[in-house]
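These are short notes for a colleague who is opening this entry for the first time. They deal with the ligand site and then with the enclosed spaces.

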Amino acid sequence: MDRFDVLISGGGMVGTTLACALQHSGMKIGLIEANPPADIHGDDPVELRVSAITRASQQIFTALEAWPGMAARRISPFREMHVWDGGGEGVIHFDAAELGEDALGHIVENAVVQRALWDALQAGGGIELLCPAAVTALQRDGDGIACRLQDGRELRARLLVGADGAQSRVRHFARIQARGWSYDQQAVVTTVVTEGSHCETAWQRFLPTGPLAFLPLHDGRSSIVWSTTPQQARQLLADDEQSFCRQLESAFAATLGRIESCGERAAFPLRLQYVDSYVQPGLALIGDAAHSVHPLAGQGVNLGILDAACLAEVLLDARAQGGDIAALKVLRRYERWRKGHNLLMMGAMDGFKRLFGTTWEPLRWARGAGMNLTNSLPPLKQLIMNHAMGRSGDLPALARWAPHEQFSVP
Ligand SMILES: Cc1cc2nc3c(=O)[nH]c(=O)nc-3n(C[C@H](O)[C@H](O)[C@H](O)COP(=O)(O)OP(=O)(O)OC[C@H]3O[C@@H](n4cnc5c(N)ncnc54)[C@H](O)[C@@H]3O)c2cc1C
């Protein structure tokens with residue numbers, strides 16, 4: 001039976017970030033991933049799934065030497081963000097220049113993030129990649145956790161990390177209950193060609209049925225995330241391209257002119273989900289395995305990347321002090337560091353979703369007045385921008401790294 005210090009189940013964007021952060025730790029690390037990541041080149045067609053990557057996540061990817069691999073393929077900066085109320089008068093405009101920055105964040109395809117992290121992992125060595133492979137059973141005893149893989153292999157780990165997404169098998173095996181609720185919404189995603197330029201701006205119009213976002217891509221097209229009722233989502237997937245484009249144009253108030261064409265379409269059900277316990281002795285959950293939020297502010301994967309950086313820092317600290325990386329008192333440090341922050345973000349996203357979903361006139365008026373007041377107060381806007389860029393709160397060392405500083409892990 002192969003023995004590992006840390007086994008990570010799930011090599012998506014979050015699990016691979018953790019593997020990269022532990023790569024030079026001297027510990028024996030294994031990464032188990034069910035689906036080999038696609039090899040993406042700069043001229044391949046744009047993938048359907050993209051994420052708004054915060055400056056904090058960019059900082060982490062830079063420190064892990066994965067950002068150049070993303071930039072070499074394709075990334076798209078958004079320098080401004082324009083948010084407005086489709087059911088009222090409120091408008092807020094954010095501009096990176098107000099903070100003296102060149103961008104608020106970047107739109108990057110999920111597959112590009114995963115591939116560049118994977119390449120950094122392979123270039124650095126020191127990690128055993130088990131792919132394709134999937135955990136099918138777990139057994140805990142005094143000596144750690146034994147994992148059985150689909151192909152019958154048995155592995156033993158002192159610490160098992162579940163980074164296997166919202167339907168986490170690790171969470172299920174550990175009998176950690178996920179709570180939450182369905183938003184009764186689906187996010188329709190596609191890529192569109194618009195008549196007008198996206199102006200390197202992320203646009204978001206709040207409609208009573210859900211937010212509609214246009215995110216700028218490197219080739220002038222926009223990636224859209226249209227959160228709406230399941231009935232409308234079904235219809236939007238079934239409609240022909242012309243009909244879809246006209247409905248999208250109308251929902252977006254033709255802000256970027258005519259929608260000239262769209263690519264493949266898909267829809268994802270939206271849920272809020274969280275767990276009470278991120279850790280057990282010898283086990284930790286990170287990313288969507290621990291929490292899923294509404295995509296309206298593009299924070300989901302960024303929270304997971306911060307989880308990965310914080311857990312890595314806690315484990316490296318414990319090891320440097322001769323502690324046991326699998327001990328509950330060590331893992332609780334990670335849980336305390338991340339749980340409150342994630343719950344706050346989750347609550348804020350849930351609040352926004354409800355606030356913009358109401359058609360009750362006094363609340364509609366109040367949200368418009370609130371948005372316009374915020375828009376007229378630069379210090380408040382700067383605070384919000386810093387928060388959305390992932391620069392507030394108690395950040396892990398990897399997210400605080402800056403190019404002029406010497407980076408070192410404990
Ligand atoms: C429409 C939409 C738009 C979004 N936009 C944004 C955005 O702009 N910004 C943002 O920050 N977030 C966004 N999110 C959220 C973001 O996509 C998720 O938070 C993110 O994908 C979670 O990453 P993860 O690595 O934790 O999980 P996942 O992406 O689910 O990855 C889990 C990995 O584990 C593997 N796996 C699963 N089970 C097993 C097993 N048993 N054994 C081995 N491997 C396994 C899977 O193959 C997968 O690679 C959006 C979500 C949606 C639905």
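1. How far is an oxygen atom of the ligand from an N or O atom in the side chain of Asn302? The distance is 2.9 Å. Please keep in mind that this is a predicted model. Taken alone, the ligand exposes 1000 Å², and the protein buries 83% of that.

2. Two backbone contacts can be listed beside the one from Asn302. A polar backbone atom of Ala52 is 2.8 Å from an oxygen atom of the ligand. For Val14, a backbone N or O atom lies 3.2 Å from an oxygen atom of the ligand.

3. The shell around the ligand consists of 31 residues. Glu33, Ala52, Asp288, Val301 and Asn302 are the closest. By class, 15 residues of the shell are nonpolar, 11 are polar and five are charged.

4. Which helices and strands each supply at least two residues of that shell? They are the helices α1 (13-22) and α8 (300-320), together with the strands β3 (50-54) and β12 (178-194).

5. On enclosed space, the count comes to two cavities of 30 Å³ or more. The largest cavity holds about 60 Å³ of space, and the second largest has a volume of about 40 Å³.

6. The largest cavity is lined by Gln299, Asn302, Leu303, Leu306, His341, Met345, His387, Gly390, Ser392 and Leu395. Asn302 thus appears in this lining and also among the residues closest to the ligand. The lining has six polar and four nonpolar residues, with no charged ones.

7. Which element gives the most to the lining of the largest cavity? Helix α8 does, with three residues. Helices α8 and α9 (328-357) each supply at least two residues of this lining. Helix α8 also supplies at least two residues of the shell around the ligand.

8. Around the second largest cavity, the lining is made up of Arg74, Ile75, Ser76, Ile107, Val108, Glu109, Leu217 and His218. Strand β7 (residues 105-109) provides the largest share, three residues. Sorted by class, this lining has four nonpolar, two polar and two charged residues.

Terms used:
Residues are numbered from 1 along each chain as its sequence is written. This is a predicted model: local features need pLDDT of at least 70, side-chain atom pairs count only at pLDDT 80 or more; totals for chains, interfaces and linings use all residues. Side-chain values use heavy atoms; hydrogens and water are left out. A residue is near a molecule or strand if one of its heavy atoms lies within 4 Å of it. A polar contact is a pair of N or O atoms within 3.5 Å; within protein, one must be able to donate a hydrogen and the other to accept it, and residues adjacent in sequence count only if both atoms are side-chain atoms. Accessible areas come from the Shrake-Rupley method with a 1.4 Å probe; for residues, only the protein chains shown count as cover. Helices (H or I, at least four residues) and strands (E, at least two) are DSSP runs, numbered from the N terminus. Ala, Val, Leu, Ile, Met, Phe, Trp, Tyr, Cys and Pro count as nonpolar, Asp, Glu, Lys and Arg as charged, and the others, Gly among them, as polar. On a 1 Å grid over the protein atoms alone, a cavity is a set of points where a 1.4 Å probe fits but cannot get out, and a pocket is an open set with protein on both sides within 12 Å along at least five of seven lines; lining residues have an atom within 4 Å of a point. Grid points are joined across faces, edges and corners, and a volume is the space filled by probe spheres set on the points.
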